[in-house]
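Student: Hi! Could we go through this structure together, starting with the rings?
Tutor: Sure, let's take a look.

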Amino acid sequence: MGGVPQVRQVRSLTRSGLSQVVVIFEDGVDIYFARQQVHERLSQARESLPEGIDAEMGPISTGLGEIYGYTIESGHTCAKHPRVWQEAPGKCPHDGLDLVKPDHSLADLRSIQEWLVAPRLRGVPGVNEVNSLGGYVKTLEVAPRADRLVEFGLTVRDVVEAVAAGNANEGGGFIARGDEQSYVVSRGLLTGAGDLERTVVKSEGGTPVLLGQVADVREGSLPRQGAVSRDGKGEAVAGMVILLKGENSRVVVDRVVGEVEDIRRSLPAGTNIVPFYDRTDLIGACIGTVRDALVEGAGLVIIVLLLFLWDLRSALVVALSLPLTASLTFLLMRALGETANLMSLGGLAIAVGMVVDGAIVVVETIHSNRQRNPDMERLASAAAAVREVARPITFSILVIVAVILPLFSLQEVEGKMFRPMAITIAAAMASSLVVALVLVPPLAVLLQGRGGGRENPVVRGLLAVYGPSLDWSVRHRIPLALVSAGFLVGTAFLVPRLGTEFLPPLDEGTIAVNVVRLPSASLDGSLAQATVLERLILESVPEVTGVVSKTGTAEVAEDPMGPEQNDFMVSLAPRDEWRPGLTRDRLIGELQEVFSRVPGIRASFSQPIALRVNELISGVKSDVALRIFGDDEQTLREAAEQAARILSEVPGAEDVKVEQSSGVSEIEIIPDREALARHQLRIQDVNDLVRINLAGVPAGRMVDGQRWNPIRVVSADAARGGLETIRNLPVLTPAGARLRLRDLAEVREVEAPAQLSREQGQRRLITECNVRGRDLGSFVAEARERLAQLEAGLPSGYRLAWGGQFENQERATRRLMLVVPAVLLVIALLQYAAMGNARSTLLVVTNLPFSVVGGIGTIYLLDMHVSVSVLVGLIALLGMAVQHGTLVVSFIDELRAGGLPLAEAVREASKRRLRPLLMTKLTSLLGLVPMMLAQGPGADIQRPLAAVVLGGLAFTSALNLYVVPALYGWFHREQTTGR
């Protein structure tokens, strides 16, 4: 795959019987172009693969494509009402008869999944694949008997060839007979085990030797390296629906659920489809959290409007702008192809306080004009108000849009998360501009009264306090400036003490636990242990509603685990049903205690989506991955284990483990080439003997209507017998001599590599861990410092590289640090274009660093970490600070241009802009309060963003009310001296 266009990373993983190559392309590459490139290289690679080895691409999906999981279960049903189904015994609700449980084996349930359920779900639009796991795939096995083969002078290869030759149809063209013709078909396909037993293997003196004479024909199952169990009840059969890349998961899951309901009606009596994972549960919970915050924020905004406007009709005009803006925003989102999701609705929740700013300014200006001139015509008053505020409103909204431009530059995971938010905020602000300048004025004309409105006692009281305090701040502007500068300097010293992380963990409502044992663990042993753990979890933690464990690898090996690994999906009850005072961290602690009761395992705790995201980023299932690159496996192992010891001593490190790369038991067969030469045998003869007798080989398939079962030639006794049975496998030489495998090869048991991993063509080994109770950034910084000596001592050609969530954090931070300064320059240019005054522009822009003070102080007091969410909040805060600063400074400039002296203009403008400034501030603040206090799924991502904006707006309110007016004269001092 080296040299494929637009490829960013290639990594591979090789286990016994399976190799997986992951090719990661640059963002934005068309998936079908990427697959075509890989397909072309794959065609070349197939030519060099060993015989019997094939390569295929995975589904057209993403690592997060698993959207709906279910098990096929056998339960109790009514003989007269087959649609009645329940897991436990009971009575039929229709006739009171005892429910009975039909005898469905795991092989039967797997057949139902393969032939009834999966084909219909694959036909659902938007579904790319249905992955099956668990149970047994039925086969027809041909088990040659060694003594009978020797007796008739046959080999296992003869049996394989006989089965294949005796199971085929053949076309014979057609025969024309006058005006008609008939097609000729030789029907030679096997129709049952009897046909197979009557297949001729060879003929001796005219007497046929039939397959039934030299082999046993029986039902069996394919070898498997994966299984599923559920809720401590034992093994189950599961299916996982995989989403086609680019499709809407919620829409597709709704289609799948509808199809499942239809499939249930055609299932055999006593069976049912029982879901255990539904992506829309998380989507619905997240959207519900942010939707509630949006509605509550809008309600608080309306209360503020009523309080400050003191006029029900004026407040109603502004309140109507909210649904009008939201409706227009949704139309724009649909036109841009954006969906309603956690981040897009979060963007609307952030903007809910800002989108009314334009309407507030327009209505307040109309309201003030009419209070000053009650006889003025309403239409003329509205037109005058629009002319007065159209320019500042337009430029303030352009500034907001310019501020969120850095969000469009984010890449990969963070880009996919925050770009919908940026699109929604931009659409909302554009919609608010249209509503404020086009719809609000006529609404104000229609709904406002004829008079100038009643005097507002709230505003009168605020002005009574604000006037004297403003005069004091203007007289003491130097101390005020020094205090503000002190806050700024203090914040600068505070920043290094803040923790950092990529994103706050999204509460998915489900916990994923990855369990690893010794590499030599068998599937049956891991499965039995998983069932015990499921029972313990359900008995010990009441908040757990269900546990499904996947062991090993499924048919579509998206997650190529060995049989020594389990993935547990632990479903939790809604948060309001938990024990009082129980937190998620404490619940994970209880689960850790449960897993610690079982010796010989290592458990790592995460969440289903977070686990897959980590795996996509760096190929591991933990927060942090330390990748060690080099050539020698032993050197890598020693370095990785030393790194694990060092990491485990770093505070915050949990679930520290080294990627298992050795410890697998392997039986080696070393042919004796001299002995083979003496008996006229080849290496291939030994390989065929081993493969057919131990692994089994496919020999066609038995067709049964629309279904088919594979036919395999296998010797199960050899596999069960161990080393001695393998050594005694019979070998028939071309000369007719009867030997044992021990005569031709050495058979021994050794320890072999469990897994080989490579990245960019170089071997690697990973030490990984999760981080809990500490921020990710400081953890990695301390770990790097402690690992510096290890890194310095590595041989030439060896190196360390960090991956996982930290990799995302560094990339997002670097990108924002490059883009934000450029955007600040754009803001300054927009401000100058809007105000036409360099000094006033400088005053507003100088306000920006101070606006960050409140945001940084808030996250420090709330013990939050600096994440991409926090940085996005700071970016939004800059836009709001500019918008509100412009509201004051531009009006002072306007009054001075009208001839007022500087001191009087500052005082008059500040007092007249007090009400719109407080309204816009409070609507922005209170609109975010519900998001700040939200507790449901999705709140963890939004809360830091809301906290930053809330704290920042609170601090900038004081700046715009007191510091900016006080410093106005300072910035314009040259003009005041007459120069």
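**Rings and a helix**

Tutor: Arg224 lies over the face of Tyr136, 4.1 Å from the ring centre. A charge counts as over a ring if NZ of Lys or CZ of Arg is within 6 Å of the ring centre and within 35 degrees of the ring normal. This is a predicted model, where local features need pLDDT of at least 70, side-chain atom pairs count only at pLDDT 80 or more, and totals for chains, interfaces and linings use all residues. Residues are numbered from 1 along each chain as its sequence is written, and side-chain values use heavy atoms, leaving out hydrogens and water.

Student: And what lies over the face of Phe629?
Tutor: That is Arg799, at 4.0 Å from the ring centre.

Student: Cool. How many aromatic pairs are there?
Tutor: Five. Rings of Phe, Tyr and Trp (its six-membered ring) pair if their centres lie within 6.5 Å; planes under 30 degrees apart are stacked, over 60 edge-to-face and the rest tilted. Tyr68 and Tyr70 form a tilted pair, 6.3 Å centre to centre with 40° between the planes.

Student: Is Tyr68 buried or exposed?
Tutor: Tyr68 is buried, with a relative accessible area of 3%, and Tyr70 is buried at 0%. Buried means under 20% relative accessible area, exposed over 50%, partly exposed in between (1.4 Å probe, protein chains only).

Student: Which residues do ring pairs link into a cluster?
Tutor: Phe568, Phe595 and Phe605.
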